[in-house]
Amino acid sequence: MTVRTVLTWPDRRLLQSAEPVEAVDDPIKTLVADMFETMYDQSGCGLAATQLGIPLQVVVLDCGTDAEPEPLALINARIVERDGEVVWNEGCLSLPGITADVERAQTVVVEALDAEGREIRVRAGGLAAVCIQHELDHLDGRLYVDRLGKLERLAALSDYDKARAAAAEASRPAREAAPEGGR
Ligand code: NI
């Protein structure tokens, strides 16, 4: 298993729409394993293949705990039922440093293939429901900030730019010390 690089905004590959997976073969199983490895490495609770620059309909999530993980891979997933409304403070590995409140369906039912290619139907609520909707949005080239109002979206992306600039500044090598007897 390999930890892969997660693309961050404004990488345009995040705007790609993902294609269905034709067969859950060995390369897809390797991709799923790498996606879990990458998600856990970054302490995320979900990851979409488009975040790795791979436009295929594959997402992984784990909304369990360290003691009781609940890994779930969803391939060619479709939400077939939505119920209720919930506002959740979301973050994203592709937009590090910011979060925002997003309105989502409270519960969803999703039909998909699992990592072995078996048909599954999952009913999810709470964090898992939010996570599924967030990750499936990625497969349509949509980030959670695109669910915000126009001004909120601009404010969130402005905060993101500031967080990125601060992170870049912090990781810059320290300037060379002034020579002895210098200013
Ligand atoms: Ni995300």
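A residue counts as buried if 20 or more other C-beta atoms lie within 10 Å of its own. The model shown here is predicted.

**View 1. Alanine 73 sits in strand 3 and is buried.** Strand 3 covers residues 71-83 and includes alanine 73. Alanine 73 has 24 other C-beta atoms within 10 Å, so it is buried. Leaving aside neighbours within four places in sequence, alanine 73 is in contact with Val32, Val60, Asp114 and Ala115. Aspartate 62 is eleven residues away from alanine 73 along the chain, and their C-alpha atoms are separated by 8.8 Å.

**View 2. Five strands make an open, antiparallel sheet.** The strand order is 1-2-3-6-7. Strand 1 (46-48) and strand 7 (119-125) are at the edges. Each has a single partner strand, so one side of each lacks a neighbour in the sheet. From one strand to the next, the twist averages 40 degrees.

**View 3. Strand 1 pairs with strand 2.** The two strands run antiparallel, and three bridges join them. Strand 2 spans residues 58-62. Within strand 2, valine 59 is the bridge partner of alanine 48.

**View 4. Helix 1 turns one face to the strands.** Helix 1 (residues 26-41) lies across strand 1, strand 2 and strand 3. Its direction is at about 40 degrees to strand 2. The helix has 16 residues and reaches 22 Å from its first C-alpha to its last, close to the 22 Å expected at 1.5 Å a residue. Ile28, Leu31, Val32, Met35, Phe36, Thr38 and Met39 are buried in helix 1. Seen down the helix axis, these buried residues fall within an arc of 165 degrees, so they line one face. An α-helix has 3.6 residues a turn, so residues three or four places apart point the same way. The buried residues of helix 1 pack against strand 1, strand 2 and strand 3. The face turned away from the buried side carries exposed Asp26, Pro27 and Thr30. Serine 43 follows helix 1 and has a positive phi, near 55 degrees.

**View 5. Helix 2 is mostly covered.** Twelve of the 14 residues in helix 2 are buried. Among them are Ala128, Val130, Ile132, His134, Leu136 and Leu139. Helix 2 (residues 126-139) reaches 21 Å from its first C-alpha to its last, close to the 20 Å expected at 1.5 Å a residue. Helix 2 lies across strand 1, strand 2, strand 3, strand 6 (107-113) and strand 7. Its direction is at about 155 degrees to strand 2. Just after helix 2, glycine 141 takes a positive phi of about 75 degrees.

Notes. Residues are numbered from 1 along each chain as its sequence is written. This is a predicted model: local features need pLDDT of at least 70, side-chain atom pairs count only at pLDDT 80 or more; totals for chains, interfaces and linings use all residues. Helices (H or I, at least four residues) and strands (E, at least two) are DSSP runs, numbered from the N terminus. The expected span of a helix is 1.5 Å times one less than its number of residues. Two residues are in contact if their C-beta atoms, placed from the backbone, lie within 7 Å. Two strands pair if DSSP finds at least two bridges between them. Axes are lines fitted to C-alpha atoms, for helices over the stretch in contact, and angles run from 0 to 180 degrees between N-to-C directions. The arc is that of the directions from the helix axis to the C-beta atoms.
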